[in-house]
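Reader: I've got a structure to go through before lunch. Can you walk me through it?

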Amino acid sequence: MRRVTTVLITFLLVAGTSWAQQKINETRAASPDGIVEIHNLAGSVDVVGWSKAEVEVTGMLGKGAERLAIDSSGKRTVIRVVLPRHAHNVDGSELTVHVPEGSRVEVETVSADVSAAGLSGKLDLESVSGDVSITGTPSQIECSSVSGTIKTETTAGNTSLETVSGKIKVARADGELSATSVSGSIAIEGGSITGGRLSTTSGTIRCEAAPTGSDSLKLKSLSGSVTLVVPKNLAADFELSTFSGNIHNEIGPKAERTSKYAPGRRAQFSTGAGGPHIEINSFSGTIELLTK
Amino acid sequence: MRCEWVRDRIDDYVDGELRRSEALLVRDHFESCPECELKAARLLRLLERVAGLPHRIEPTTDLWPSIARKLERRPLALPGGRRLLAVAAALLLAVAAVVVLRGNLGRPPRSALGTSRPVTVLVPGTALAEVASAEASFGDARDRLLAVLQTRPGALQPQTVATVQKNLRVIDHAISQITAALEQDPNNVDLAHQLVASYQLEISLLERATMTPVEL
C-alpha cells in the first residue's frame with residue numbers, strides 16, 4: 001500500500017509539473033538582417049533588439065501550453081507557442097525575445113500585449129485586444145490592434161497605425177504617418193510629419209507634430225474633434241471645412257459659412273510663402289487650428 | 001510616385017480593371033515600394049480566399065450565434081427609403097470618385113465637405129450596376145466569413161469573441177453615423193469613402209477572426 005501511495009504521489013508530481021508553467025530559455029543563430037516572426041495568442045511578447053547574431057527566447061510557457069516551436073529557414077526564424085488541440089484552461093505565455101537589432105520583426109497575437117524596443121528594422125505588429133508599445137527607432141512601422149492601445153515613442157519612414165476602438169498615441173512623429181481609428185482617439189504629441197493621414201469616425205484627433213515637406217497632410221473625422229497645433233511661423237497651405245461643426249482658427253481668417261442655407265463652414269488660406277497642403281475636415285466635430 | 005496615388009488604385013489593380021498605362025505605373029512603383037506591393041498581395045490573397053470559400057456551408061454547431069444574429073439584424077442594404085437612398089448615393093459617389101480618380105492622375109479630389117466639390121460625371125447605368133455589385137460583394141463576403149466561423153467551434157476564447165463582437169458594434173455604430181451624415185450631405189465623397197472603408201473594416205475584422213489560429 002505504501003508503495004502504491006509513493007507511485008501515485010510521484011505520478012501526480014510529474015503530471016502536475018507538466019501542467020504548470022514551464023520556463024523557456026532557447027537560443028538560435030540568426031541573420032543580423034533577418035526576419036523574426038512571433039506568434040503567441042495570449043500573455044505577452046516583449047521583443048528587444050541586441051547586437052548578437054542570435055535569437056533568444058526566454059520567459060514562461062503558460063500552464064497547459066504544449067510547447068514552444070522555433071523554426072529557422074534561411075533568414076527567417078519563426079517562434080510559435082503551440083497549444084494542444086481542444087485543450088481548456090490554457091494560460092497565456094510570457095515571452096521575451098531578443099533579436100538582432102536590424103531584424104524585421106513580425107508579431108501576431110490575439111490578447112497578448114506586445115512591446116518592441118531597440119530595433120532598427122521594420123516592425124509589423126498585430127493584435128486583437130492586446131496593447132502594443134514601441135520604443136526605439138525602427139525603420140518602418142505597421143501596427144494594428146482592434147481594441148488595444150498603440151503607443152509608440154517615435155515613428156520613422158512610412159508608419160501605419162490602425163485600431164477600431166483602441167487609442168493611438170505617438171510621442172514624437174517623424175516621416176509619413178497614417179493613423180486610423182473608428183472610435184479610438186489619435187494623439188500625436190510632437191515631432192514632424194512629412195505627410196499622411198489621420199482619420200477617425202468618432203474618436204478625437206490631436207496632432208502637435210509640425211507638418212514639413214511637400215506632401216499633403218489630412219486630418220479627418222466624422223464626429224470627433226480635430227485639433228492641429230502648429231509652430232507660429234509655419235508656412236503652409238490650409239484648407240479647413242466642416243459640415244455642421246465649428247472651426248476655431250488661431251492663425252488664419254475666420255471660417256466662412258459655405259452657404260446661406262447650410263450650416264457648413266470653411267477656411268482656405270496660406271501662411272508665409274505657403275508650403276505643405278494641410279487639409280482638416282469634419283462632419284460635425286469641432287476643428288481647432290492652434291499655435292504653440 | 002506617391003504611395004497614396006498607388007493605394008487609391010490597388011483595388012482596381014488586383015481586379016485587373018486599371019488602364020494599362022496606370023497598371024504599369026503601379027507595377028513600377030511596387031519595385032521600389034515593398035509596402036504597397038505587400039498591400040496588393042494581401043488584398044489578392046483575401047479576394048482569392050473569399051472567392052475560394054464554399055458558397056454554402058451548413059453549420060455543424062451554433063457557433064457565434066450572437067454575432068450572426070446581430071449581423072442578420074442589420075442587413076447591408078439598409079431598410080427604409082431615405083436610408084437606402086443615402087447608402088446607394090454614398091456607394092454611387094464612391095464609385096464615381098474612383099471614376100474621377102481614374103481620369104485624374106494628379107492629386108485626388110479635395111474634400112467635398114462644405115463646398116468646392118469635385119465635378120463628377122456619372123454613367124448611371126454602369127455606376128448603378130457597380131453599386132449593386134459592391135453592396136452584394138460586401139454582403140456575400142460577410143456571409144461567407146460568418147459561415148467559416150461557424151465551422152470552427154471553440155476556436156476562440158469567449159473574451160476574444162466578446163472583443164470581436166464589441167468592435168463589430170463599434171463599426172456598426174460608425175456605419176450608422178456615416179449613413180446619417182450622408183442623409184444630410186448626400187454629395188459628400190469623403191463620407192462615401194468612409195462608408196465603404198467601414199464595410200471593408202468589418203470584413204477585415206471577420207476575416208481576421210476566421211484566420212486566427214485555434215486558441216483553445
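Author: Start with a yardstick: buried means under 20% relative accessible area, exposed means over 50%, and partly exposed is in between. Lys75(A) has a relative accessible area of 47%, so Lys75(A) is partly exposed. Keep in mind that this is a predicted model.

Reader: Good. What does Lys75(A) form a salt bridge with?

Author: Its partner is Asp33(A). The closest N and O atoms are 3.1 Å apart.

Reader: Where do the two sit in the chain?

Author: In distant parts, 42 residues apart. Asp33(A) is in the loop between β1 (22-29) and β2 (35-39). Lys75(A) is in the loop between β5 (67-73) and β6 (76-82). Asp33(A) is at 46% relative accessibility, so Asp33(A) counts as partly exposed.

Reader: How many salt bridges over all chains?

Author: There are 10. One of them pairs Glu189(A) with Lys169(A), with the closest N and O atoms 3.7 Å apart.

Reader: Which parts does that pair tie together?

Author: Glu189(A) is in the loop between β16 (186-188) and β17 (191-200), and Lys169(A) is in strand β15 (residues 168-181), so the bridge ties together parts 20 residues apart in sequence. Glu189(A) is partly exposed, at 40% relative accessible area. Lys169(A) counts as partly exposed too, at 35%.

Reader: And what about Arg206(A)? Which side chain does it meet?

Author: Glu208(A), in a salt bridge of 3.0 Å, N to O. Separately, salt bridges with shared partners join Glu37(A), Arg76(A), Arg104(A) and Glu106(A) into one network.

Reader: Switching topic. What domains does chain A have?

Author: The domain assignment gives domain 1 (21-124) and domain 2 (149-292). Their C-alpha centres lie 36 Å apart.

Reader: Now chain B. How many helices and strands?

Author: Chain B has 9 helices and 0 strands. Of its 216 residues, 48% are buried. Take the contacts in chain B with a separation of 6 or more: 82% of them come from residues 24 or more positions apart.

Reader: I flagged Ser198(B). Buried or exposed?

Author: Buried, because its relative accessibility is 6% and the cut-off is under 20%. Ser198(B) is in helix α9 (residues 189-211) of chain B.

Reader: What does Ser198(B) touch?

Author: Ile171(B), Ile175(B) and Ile178(B), leaving out residues up to four places away in sequence.

Reader: And Arg27(B)? Where is that?

Author: Arg27(B) is in helix α3 (residues 20-32) of chain B. With 43% relative accessibility, Arg27(B) counts as partly exposed. Arg27(B) and Val6(B) are 21 residues apart in sequence, and their C-alpha atoms are 9.3 Å apart in space.

Reader: Last topic: the interface. How much area do chain B and chain A bury between them?

Author: About 3600 Å², with 53% of it on carbon and sulfur atoms. The contact takes 39 residues from chain B and 44 residues from chain A.

Reader: How many salt bridges and polar contacts across it?

Author: The rule finds 0 salt bridges across the interface. There are 3 residue pairs in polar contact, both at pLDDT 80 or more.

Reader: Which helices of chain B supply at least two residues to that side?

Author: α1 (3-7), α4 (34-52), α8 (158-184) and α9 each do. The largest share comes from α8(B), with 10 residues.

Reader: How do the residues on that side divide?

Author: Into 15 nonpolar, 12 polar and 12 charged.

How values were computed: Residues numbered from 1 in each chain as written. Chains lettered and ligands numbered in written order. Predicted model: local features only at pLDDT ≥ 70, side-chain atom pairs only at ≥ 80, totals over all residues. Heavy atoms only, no water. Domains from an automatic or database assignment. Helix = DSSP H or I, 4+ residues; strand = E, 2+ residues; numbered from the N terminus. Buried < 20%, exposed > 50% of the residue type's maximum accessible area, 1.4 Å probe, protein only. Contact = heavy atoms within 4.5 Å. Buried area = accessible area lost by both parts, 1.4 Å probe. Salt bridge = Lys/Arg side-chain N within 4 Å of Asp/Glu carboxyl O. Polar contact = N/O pair within 3.5 Å; in protein donor to acceptor, adjacent residues only side chain to side chain. Nonpolar A, V, L, I, M, F, W, Y, C, P; charged D, E, K, R; others polar.
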